[in-house]
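Colleague: I should like to go through the terms used for this structure and hear the reasoning behind each of them.

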Amino acid sequence: MALDRSAGRLARCIRCTRHERTLPIRTFTTTAPSRLETQETQASSEPPPPPAGATTDAPKPRLRDPNTVSTRAAEQQLIQHQRITPVGSRRRRAAIASTSNIPFSELPYQCFQEARAVLQADRKQKLEHIRVQRERIERFKAKDVAPQDEAHKEKKVADMRRRLEEQKILADINDPVVKRKFEDGEGDLNKPIYRLLADRQWRSYRRTLLLQRITQMNVVPDVLPAIDPVVSTALSFAGKRVQHGDFVDSRMSELAPSLQIQPYDKGKRLYTVVVVNPDVPNVQKDAFDYRCHFLASNIEISPTDTRVRLGLLGEEGQVILPWLPAYGQKGAPYQRMSMFVLEQAKSEGGGEFQTIDVAAVKAGGKYTQRHGFNLRSFVDKHLLKPVGVDLFRTKWDEGTAGVMQRAGIVGWDVEFKRKRVEPLPYKRMDSVRYR
Amino acid sequence: MIKAPSTSLLRAFSPLWRAESVPWVARGCIAQQVHFSTAEQRMARKKGMGPKTDMRITLIRYHLQHPLTPRPLRFSRTRALRHWTIHRAWRLYQNKLRLTRQLELERQYNSMNAACEALRLMDGDGLTQEERSKLGAEIEGSNDMGRLYRIAMKKDDGVRADAVGKGVPIEYARIQTETPPRDGWNSAWTR
């Protein structure tokens with residue numbers, strides 16, 4: 001280009017930062033810079049005189065930003081004078097210090113910006129599809145239909161709504177900002193895309209692990225015939241997290257735990273939580289019985305409101321059997337404490353979740369017996385659907401006796417022993433065989 | 001005075017004359033070639049001596065000679081997100097292309113299918129049965145109903161584009177031209 005060859009280095013892009021600039025930038029202005037400065041100094045008030053009697057202090061060390069210190073000396077100064085540690089790696093801090101604060105979506109990489117343009121165009125199309133689908137649903141709902149076809153119409157509306165949810169997710173799934181927000185844990189679980197990403201993340205590892213533990217420990221089919229976990233659970237005793245299948249000290253499980261139930265579909269719903277011990281030894285039968293350690297219904301959970309403190313649930317409307325500490329008697333093998341999250345039935349058409357009449361259940365008497373509690377019968381009677389499961393284990397340790405005494409459980413001083421099996425009599429055969 | 005012969009050919013093909021056309025970035029590459037001897041050039045080597053190697057070429061060479069190929073890259077957070085965005089956009093674009101091609105093929109197939117179906121229901125006069133009855137013309141025997149359809153479905157004679165069955169590949173066909181004629185020049189032709 002003629003301009004490049006004849007103009008020389010100085011006339012190249014003034015704003016370009018790639019080349020070193022030997023002379024300072026001179027832009028076109030008619031007023032001299034000095035004139036502007038004098039105007040400003042006249043306009044501003046005079047600085048206040050230093051307070052009388054003030055001694056001249058040593059110059060204050062300058063305040064450093066923990067996000068941009070990159071030299072060792074600067075880091076030391078930050079720690080000593082400001083008592084803050086630097087944030088992130090040194091490479092990251094040097095990068096932040098040397099680059100300007102461009103938001104991610106405006107980074108000047110051609111391929112990236114072209115990709116963004118393609119994705120924006122696609123998102124526009126998807127939003128249009130969403131709008132059209134919404135109109136379709138409204139128009140279809142407004143149609144009059146013969147009473148025998150009502151069920152078919154309801155099903156079709158539900159299918160159209162499901163398609164609408166899919167389309168909402170398709171509009172956001174290619175957005176890097178959404179991906180980053182989710183990875184940083186800032187996703188709002190009221191939005192379908194974040195719920196989908198959270199569900200995917202849970203299913204990729206933690207759900208597989210949970211199923212492995214549940215299957216290996218034979219929780220299923222011992223307590224319930226089958227389970228397909230749809231909500232994720234997180235159990236903690238006294239603030240300490242318990243992994244699926246962990247042994248929990250009897251003193252820790254003396255008080256009711258805190259359970260976080262995370263559903264991945266929208267809306268509020270009512271859950272029932274049951275804790276069943278299927279390993280209660282029965283010496284007469286030479287087998288094991290069930291015992292229910294906790295039973296509560298009508299617990300309201302939503303994707304954003306997930307925490308249940310089992311000890312703080314209401315006695316009248318929610319708790320049927322209050323928390324009984326987990327205990328394993330001496331000599332018995334470890335006891336599995338399985339926790340089930342059961343979704344309460346929906347009333348037909350209305351979509352409201354049915355509450356379980358706790359008073360009626362208590363009065364009924366069948367499900368108020370802890371020993372011999374049959375969870376399968378309870379589930380069938382109240383039309384519950386198992387959606388979540390968790391597990392922890394207990395065994396005899398130093399605190400179990402104390403826990404059992406404080407809870408008023410009979411048998412803290414009982415020890416189980418193995419029955420001696422008489423060996424078969426040894427019969428010596430004819431001496432020809434033995435040499 | 002004998003004029004020296006032109007060295008243009010020599011310049012073009014002789015390796016000795018080629019060194020000038022190497023770009024300045026690749027100069028270190030030439031210097032990094034294998035030596036005549038296969039023994040390691042370790043003895044009596046002074047530090048700092050030797051040709052100035054270009055670090056970028058070294059790095060590219062290491063990248064290409066990694067035991068794991070393609071070499072696994074380690075990206076920073078924003079770099080990884082940009083890569084993911086570009087990948088999603090490219091896959092989206094490729095899927096859209098694939099879909100349009102697929103729909104175009106489907107459209108062509110359906111058009112051919114419709115044409116064959118129309119032929120199947122057509123008789124020698126180009127009418128279907130219902131058209132005949134509508135016009136009130138006589139309904140003849142249906143021996144030539146769908147004749148052209150049956151001819152079109154034959155796969156074992158004549159020249160075909162896909163040459164299935166006993167068909168002859170279309171490349172063997174003679175393209176219709178004005179000249180030369182198939183029968184050649186008839187010298188005995190009179191009016």
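Modeller: What follows is a set of questions on those terms, each answered from a predicted model.

Colleague: Why is the pair A:Y367 and A:F373 called edge-to-face?

Modeller: A pair of aromatic rings is described by the distance of the centres and the angle of the planes. For A:Y367 and A:F373 the centres are 6.1 Å apart, and rings pair if their centres lie within 6.5 Å. The planes stand at 70°, and an angle over 60 degrees counts as edge-to-face. The pair is therefore edge-to-face.

Colleague: What makes A:Y367 and A:F378 an aromatic pair, and of which kind?

Modeller: Their centre-to-centre distance is 5.0 Å, set against the limit of 6.5 Å. With 80° between the planes, this pair is edge-to-face. A:Y367 lies in the loop between α10 (358–364) and α11 (375–381) of chain A, while A:F378 belongs to helix α11 of chain A. The two residues are 11 residues apart, and the pair links distant parts of the chain.

Colleague: Are the residues of these two pairs buried or exposed?

Modeller: A:Y367 and A:F373 are both buried, and A:F378 is buried as well. The word stands for a relative accessible area under 20%.

Colleague: How many aromatic pairs are there over all chains, and which residues form one aromatic cluster?

Modeller: The count over all chains is 10 aromatic pairs. One cluster is formed by A:F237, A:F294, A:W323 and A:F392.

Colleague: Let us turn to chain B. Why does B:I170 count as partly exposed?

Modeller: Its relative accessibility is 43%. Buried would require a value under 20% and exposed one over 50%, so B:I170, at 43%, counts as partly exposed. This residue is located in the segment after β2 (168–169) of chain B.

Colleague: What makes B:I170 eligible for a nonpolar surface patch?

Modeller: Patch residues need over 30% relative accessible area, and B:I170 has 43%. The patch consists of B:V159, B:V168, B:I170 and B:Y172, which together have about 400 Å² of accessible area.

Colleague: What is the order of elements in chain B, and what share of its residues is buried?

Modeller: Chain B has 6 helices and 2 strands, in the order α-α-α-α-α-α-β-β from the N terminus. Of its 191 residues, 10% count as buried. The chain exposes about 17800 Å², of which carbon and sulfur atoms supply 59%.

Colleague: Which domains make up the division of chain A?

Modeller: The division gives domain 1 (64–97), domain 2 (104–187) and domain 3 (218–406). The centres of domain 2 and domain 3 of chain A, taken over C-alpha atoms, are separated by 38 Å.

Key
Residues are numbered from 1 along each chain as its sequence is written. Chains are lettered from A and ligands numbered from 1 in the order in which they are written. This is a predicted model: local features need pLDDT of at least 70, side-chain atom pairs count only at pLDDT 80 or more; totals for chains, interfaces and linings use all residues. Side-chain values use heavy atoms; hydrogens and water are left out. Domain bounds come from an automatic or database domain assignment. Helices (H or I, at least four residues) and strands (E, at least two) are DSSP runs, numbered from the N terminus. Buried means under 20% relative accessible area, exposed over 50%, partly exposed in between (1.4 Å probe, protein chains only). Accessible areas come from the Shrake-Rupley method with a 1.4 Å probe; for residues, only the protein chains shown count as cover. Patches are made of residues with over 30% relative accessible area and no salt bridge: like charges are joined within 9 Å, nonpolar side chains (Val, Leu, Ile, Met, Phe, Trp, Tyr) within 5 Å. A salt bridge is a side-chain nitrogen of Lys or Arg within 4 Å of a carboxyl oxygen of Asp or Glu. Rings of Phe, Tyr and Trp (its six-membered ring) pair if their centres lie within 6.5 Å; planes under 30 degrees apart count as stacked, over 60 as edge-to-face and the rest as tilted.
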